[in-house]
Amino acid sequence: GGRKNYMPVLLEAMPGEWFVEKAVSKQRCSYANTSGNLHIHFSVGGDSFPPTALASMLAKYVRELSMTAFNQTWKKILPEILPTAGYPEDAKRFRSQIETQANRMGLDPSDWWRIK
């Protein structure tokens with residue numbers, strides 16, 4: 001997303017740590033904690049690194065499993081509903097179709113919808 005300084009993000013995510021900037025460029029930003037046992041890199045095209053690529057594939061697979069369960073749950077409640085993959089435009093359609101029923105069921109939106 002064009003970010004060049006990840007230090008504030010790291011400090012917020014790990015308030016007990018302190019990081020040192022090792023390298024900053026358009027392609028890669030690298031940080032290490034002061035004890036030197038943790039090195040974090042933010043790279044353009046990071047999926048070219050096998051561990052990152054594997055983590056990305058696993059995350060996508062887990063997301064697909066979660067969406068399958070989500071769709072199956074709502075299909076039991078609203079048999080006529082079409083499934084969603086959860087991407088923005090289709091998610092709007094899906095939400096509009098389940099919202100009335102979810103409200104009738106007393107479900108808080110934060111229980112069934114990601115709130116940013």
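Visitor: Where does Thr84 lie in the chain?
Guide: This is a predicted model, in which local features need pLDDT of at least 70, side-chain atom pairs count only at pLDDT 80 or more, and totals for chains, interfaces and linings use all residues. Residues are numbered from 1 along each chain as its sequence is written, and side-chain values use heavy atoms, with hydrogens and water left out. Helices (H or I, at least four residues) and strands (E, at least two) are DSSP runs, numbered from the N terminus. With these names, the place of Thr84 is the loop between H2 and H3.

Visitor: Is Thr84 buried or exposed?
Guide: Buried means under 20% relative accessible area, exposed means over 50%, and partly exposed lies in between (1.4 Å probe, protein chains only). The relative accessible area of Thr84 is 7%, so Thr84 is buried.

Visitor: Which residue has its backbone nitrogen 2.9 Å from a polar atom of the Thr84 side chain?
Guide: Thr84 touches Met67, Asn71, Asp90, Ala91, Arg93 and Phe94, when residues up to four places away in sequence are not counted; contact here means heavy atoms within 4.5 Å. The backbone nitrogen 2.9 Å from a polar atom of the Thr84 side chain is that of Gly86.

Visitor: Why does Pro83 count as exposed?
Guide: Pro83 is placed in the loop between H2 and helix H3 (88-104). Leaving out residues up to four places away in sequence, Pro83 touches Asn71, Asp90, Arg93 and Phe94. Pro83 nevertheless counts as exposed because its relative accessibility is 54%.

Visitor: What separates the C-alpha atoms of Pro83 and Gln72?
Guide: Pro83 and Gln72 are 11 residues apart along the chain. The separation of their C-alpha atoms is 8.2 Å.

Visitor: How many salt bridges are there?
Guide: A salt bridge is a side-chain nitrogen of Lys or Arg within 4 Å of a carboxyl oxygen of Asp or Glu. One of them joins Glu64 and Arg63, whose closest N and O atoms are 3.9 Å apart. Both partners are partly exposed, because Glu64 has a relative accessible area of 41% and Arg63 has 28% relative accessibility. By this rule, the number of salt bridges is four.

Visitor: How far apart are the closest N and O atoms in the salt bridge between Asp90 and Arg93?
Guide: Asp90 and Arg93 are separated by about one helical turn, because they are three residues apart in helix H3. Asp90 counts as partly exposed at 29% relative accessibility, and Arg93 is partly exposed at 22%. In their salt bridge, the closest N and O atoms are apart by 2.9 Å.

Visitor: Which residue meets Arg95 in a salt bridge?
Guide: Arg95 counts as partly exposed at 21% relative accessibility. Its partner also lies in helix H3, four residues away, about one turn of the helix. The side chain that meets Arg95, at 3.4 Å from N to O, is that of Glu99.

Visitor: What accessible area do Leu58, Tyr61, Val62 and Leu65 have together?
Guide: Patches are made of residues with over 30% relative accessible area and no salt bridge; like charges are joined within 9 Å, and nonpolar side chains (Val, Leu, Ile, Met, Phe, Trp, Tyr) within 5 Å. Leu65 is placed in helix H2 (residues 50-77) and counts as partly exposed at 45% relative accessibility. Accessible areas come from the Shrake-Rupley method with a 1.4 Å probe, and for residues only the protein chains shown count as cover. The four residues form a nonpolar surface patch with a joint accessible area of about 410 Å².

Visitor: With which residue does the side chain of Ser110 make a polar contact?
Guide: Ser110 lies in helix H4 (residues 109-112) and is partly exposed, with a relative accessible area of 47%. A polar contact is a pair of N or O atoms within 3.5 Å; within protein, one must be able to donate a hydrogen and the other to accept it, and residues adjacent in sequence count only if both atoms are side-chain atoms. At 2.6 Å, the side chain of Ser110 makes such a contact with the side chain of Asp108.

Visitor: What is the radius of gyration of the protein chain?
Guide: The chain has four helices and three strands, in the order α-β-β-β-α-α-α. The radius of gyration is taken over C-alpha atoms, and the globule rule is 2.2 Å times the number of residues to the power 0.38. A compact globule of 116 residues would have a value near 13 Å, but the protein chain has 20 Å.
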